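Have a look at the structure below and turn it around a few times. After that, here is a short tour of some places to stop at.

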Amino acid sequence: MLAPLARTALRASRRSLAAPAAARSVSLLAAARPVARAAVPAAAPQQVRGIKHIDFSGDGQIETVYERADWPIERLHEYFKDDTLALLGYGSQGHGQGLNLRDQGLNVIVGVRKGGASWKEAEADGWVAGKNLFDIDEAAQKGTYLMMLMSDAGASEAYPKLMQYMTKGKTVYWSHGFSPVFKDQTGIESPKDCDVILCAPKGSGRTVRTLFKEGRGINSSVAVFQDVTGKALEKAVAMSVAVGSGYTYETTFEKEVYSDLYGERGCLMGGIQGMFKAQYDVLRANGHSPSEAFNETCEEALQSLYPLVGEHGMDYMFKACSTTARRGALDAAPKFEAALKPVFEELYARVKDGSETRRTIEFASQKNYRELFEKETDEVAAQEMWRVGQKVRALRPDRAAKGL
């Protein structure tokens, strides 16, 4: 049960999220409206304000963090004034990053298979064939930045043909280290005359878009795989702000892909589904009703507790709950840690040795992989826990008011 302190903090957090974007950020163009390039004045000399060097853990390891304040819209326009940002692929990241680039007034084009599902989605988002929407080959030819935002399996398939457009002076941009790092399996060799950079937003493309529109900006990682010009890191940081990041952290391609694949399989997605399902099933086996099992497993976590953890930290959550809840949670946490650590160690080892890469490529190389994925996710949706969840969510007052 939430203590009064926790309920007060949650209300304050929600009020903060509902505040006008301008009150939260003065440096990100987040109103999601096109900017006329001709109306932008010449870039003024910029003061370095946002670069920070932080010892996050207190162990002496200094990390570099870049802040968007150093890249106001005028500077972005000046920096990319001679560039065409060719966004190759229009999945989740393509959608979010592409629309953010367009709303910041940069010269961005989309390249996808003509007439395919992604082409139709791009048209629905206002991209115009022949103007800023092209077949993938034509877009790659036009682009000075080739933004590789297709699926990992799709990139492996398309890359041999796209390499002819990766000519001297161009920049190859990734949002995931998967393809270059696991080149022995993906077959992707970086072109010798191009800078190869990465900006990896810490969230889905939909979140990249939503946080940009809210004026907050997502956190991202930036990295350099190959620096031909001596400006690769600067390009990566500039691109991170252009696609809608708030803060960016330096990493490497290897560390990005290892942590990303590991996290997705663990606390971010796989672990959450597994833990929720196990707790729900035990409650149901012990006679608890479907709604009670769902509320105590998912609804309270997602609607009440997790937002507080995100806003204030786990220690705050412990202090904010009842003494009974606090005692039980503190006692149970080490047991979960001991039970789950071997699973996480195995996961990380499989990521690092390429086993997870092989699994992904082999599965996604099947012609019917989309149908197979749909089948598996439909099976999750059909689980009693998530069927109950649909009905519980429909009862939320905010949804009822919106007719959802």
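A quick definition first: a residue counts as buried when its relative accessible area is under 20%, as exposed when that is over 50%, and as partly exposed in between. Keep in mind, too, that this is a predicted model.

**The second largest pocket**

Let's start with a space rather than a residue. The second largest pocket has a volume of about 1,500 Å³. It has 36 lining residues, and those closest to the pocket's centre are Met275, Gln279, Tyr306, Met314 and Phe336.

Which helices build this lining? At least two residues each come from α13 (270-285), α14 (290-312), α15 (314-320) and α16 (323-352). Helix α16 gives the largest share, with twelve residues. As for chemistry, the lining residues split into 25 nonpolar, six polar and five charged.

**Sites marked in the record**

UniProt, in an unreviewed entry, puts the feature "binding site" at Asp260, Glu296 and Glu300. From this set, Glu296 and Glu300 belong to the lining of the second largest pocket.

Is Glu300 buried or partly exposed? Glu300 sits in helix α14. Its relative accessible area is 25%, so Glu300 is partly exposed: that value falls between the 20% and 50% cut-offs. Asp260, on the other hand, lies in helix α12 (residues 253-265). With a relative accessible area of 17%, Asp260 is buried, because that value is under 20%.

The unreviewed UniProt entry also gives the feature "binding site" at Ser322. You'll find Ser322 in the loop between α15 and α16. Its relative accessibility is 28%, so Ser322 counts as partly exposed.

**A serine in α17**

Next stop is Ser355, which belongs to helix α17 (residues 355-364). Ser355 is buried, as its relative accessible area is 16%. What do its side-chain contacts look like? The side chain of Ser355 makes a polar contact of 2.6 Å with that of Asp353. Another polar contact, of 3.3 Å, links the side chains of Ser355 and Arg358.

**Cysteines**

How many disulfides does a search of the whole structure find? The count is zero. For background, a disulfide is a covalent bond between the sulfur atoms of two cysteines. Two cysteines are worth a look here. Cys267 is exposed, with a relative accessible area of 56%, whereas Cys321 is buried, at 11%.

**Helix α7 and its cap**

Helix α7 covers residues 152-162, and its buried residues are Ala153, Ala155, Ser156, Tyr159 and Leu162. It may help to recall that an α-helix has 3.6 residues a turn, so residues three or four places apart point the same way. At the N-terminal end of α7, Ser151 acts as a cap: one of its side-chain oxygens is 2.9 Å from the backbone nitrogen of Gly154.

**Places that meet across the chain**

Some residues lie far apart in sequence, and the table shows how their C-alpha atoms are placed in space.

| Pair | Separation along the chain | C-alpha to C-alpha distance |
|---|---|---|
| Lys213 and Asn100 | 113 residues | 8.4 Å |
| Gly177 and Phe225 | 48 residues | 8.9 Å |
| Thr252 and Gly177 | 75 residues | 8.3 Å |

Gly177 appears in the rows with Phe225 and with Thr252. Where is Gly177 found? Gly177 is in the loop between β7 (171-174) and α8 (178-181). At 0% relative accessibility, Gly177 counts as buried.

Its partner Thr252 is also in a loop, this one between β10 (245-250) and α12. Thr252 is partly exposed, since its relative accessible area is 31%.

Lys213, from the top row, is part of helix α10 (residues 205-213). At 46% relative accessibility, Lys213 counts as partly exposed, because 46% is not over the 50% that an exposed residue needs.

Technical notes:
Residues numbered from 1 in each chain as written. Predicted model: local features only at pLDDT ≥ 70, side-chain atom pairs only at ≥ 80, totals over all residues. Heavy atoms only, no water. 1 Å grid on protein atoms, 1.4 Å probe; cavity = no way out; pocket = protein on both sides within 12 Å on 5 of 7 lines; lining within 4 Å. Points joined across faces, edges and corners; volume = space filled by probe spheres on them. Helix = DSSP H or I, 4+ residues; strand = E, 2+ residues; numbered from the N terminus. Nonpolar A, V, L, I, M, F, W, Y, C, P; charged D, E, K, R; others polar. UniProt positions renumbered as here; feature names shortened; annotations may be inferred. Buried < 20%, exposed > 50% of the residue type's maximum accessible area, 1.4 Å probe, protein only. Polar contact = N/O pair within 3.5 Å; in protein donor to acceptor, adjacent residues only side chain to side chain. Disulfide = S-S within 2.5 Å.
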